[in-house]
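Visitor: I'd like a close look at one part of this model, the charged side chains and how they pair up. Could you walk me through it once the structure is on screen?

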Amino acid sequence: ALRILDRRPGHARARALLRDTRWDVPGAASVPILGQPAPVRTTVELARLRLHRALRLAGRRWLAAAGGGTAAGIVAGLLGALLLRYGPGSTTTSALFVALPLVGGIAGGLGAAGVGAGLAIAEAVIRSSRGLALVLMGGVGGLVVGAGTNLVARLAFQSLFGRDPSVLAGGYEGCVIGAAAGLGYALSTPTREGGMATPSGAARLRVLLATGVACAAAAAVLGAAGSHLGAMSLDFVARGFPASQVTLDPLARILGEPAPGPVTRTLISAWEGLFFGCGLALGMTRRPR
């Protein structure tokens, strides 16, 4: 086909189409671009084809990933509210069962939307180096949403309360967790032909666990290094309002600390990372109807 194609009108787009579809055609040979006619034009056409498909496929995966992250955040918030409400020396009320799931759902949904968008674009556009692309694009997605959320939150607190919560998680934390999610997802969904992974059954469960454990490990390292993720950021902000009933002290006592310290910060961060990674992977592996 390539030999017959030669330099006929439209050969660059045709060559790009052959290059792209070779991943999906059993027994297809390689379709080189360098050293062939019009390599720049062929590359542009190939990028156009893949970006068009990426917008369609990544859009569905992005929404599913955001939904999975939201659901995981709500569940993590409910479990956290149980521990804080009935933990040693707790003085909180049942209002936590509304506040913490709400905060967890929003944080999980925003984070999964950013990281999920990066992973979905990587799967749809880059096929020959899928694993590396997932790690890089997951990190970029986390960086963007983390930096954006941090900026909005700090501006809101400065303008409304005259305070600057500088310890809130931001782009750095988002980048690390996003890259970890990409790594866990890539290792658990190897595909020889690249493209979207759609595991089912036990294979899907392995993807959820691998992605969750990778995110938990990254979040634990961040927590041990002093970063404040979701729950610790909320606790820090709440301490600035004397009437607030949100405090991690009961949980810290369960973990052997009088107040939230390094142990509490590390374990809570790992807990959040585990739920985030599992929820993200749950949405990313949703098989379309």
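How many salt bridges does a search of the whole structure find?

Guide: Keep in mind that this is a predicted model. The search of the whole structure turns up four salt bridges.

Let's start with R13 and E45. Their side chains meet in a salt bridge, at 3.3 Å from N to O. This pair ties together distant parts of the chain: R13 sits in helix α2 (residues 11-21), while E45 belongs to helix α3 (residues 39-86), and 32 residues separate them. The two ends of the bridge also sit in unlike surroundings. R13 has 43% relative accessibility, so it counts as partly exposed. E45, on the other hand, has a relative accessible area of 4%, so it is buried.

E45 has another partner as well. R48 forms a salt bridge with E45, and here the closest N and O atoms are 3.9 Å apart. This one is a local affair: R48 and E45 both lie in helix α3, three residues apart, or about one turn of the helix. Like R13, R48 is partly exposed, with a relative accessible area of 45%. Step back and you get a bigger picture, since salt bridges that share partners join R13, R41, E45 and R48 into one network.

Now move along the chain to E123 and R130. Their side chains meet in a salt bridge too, at 2.8 Å from N to O. In this pair, both residues are buried.

For contrast, have a look at E173, in helix α6 (residues 171-188). E173 is buried yet has no salt bridge. The nearest side chain of opposite charge is R265, and that is 9.7 Å away. A salt bridge needs the nitrogen within 4 Å of the carboxyl oxygen, so at 9.7 Å R265 doesn't qualify as a partner for E173. What does E173 touch instead? Leaving aside its neighbours within four places in sequence, E173 is in contact with L222, S227 and L229.

While you're checking side-chain links, you may wonder about the cysteines. The count of disulfides comes to zero. Take C215: its sulfur is 8.4 Å from the closest cysteine sulfur, in C278, which is too far for a bond. C215 is buried, with a relative accessible area of 0%. C175, by comparison, is partly exposed, at a relative accessible area of 29%.

Terms used:
Residues numbered from 1 in each chain as written. Predicted model: local features only at pLDDT ≥ 70, side-chain atom pairs only at ≥ 80, totals over all residues. Heavy atoms only, no water. Helix = DSSP H or I, 4+ residues; strand = E, 2+ residues; numbered from the N terminus. Buried < 20%, exposed > 50% of the residue type's maximum accessible area, 1.4 Å probe, protein only. Lys, Arg positive; Asp, Glu negative; His and termini not counted. Contact = heavy atoms within 4.5 Å. Disulfide = S-S within 2.5 Å.
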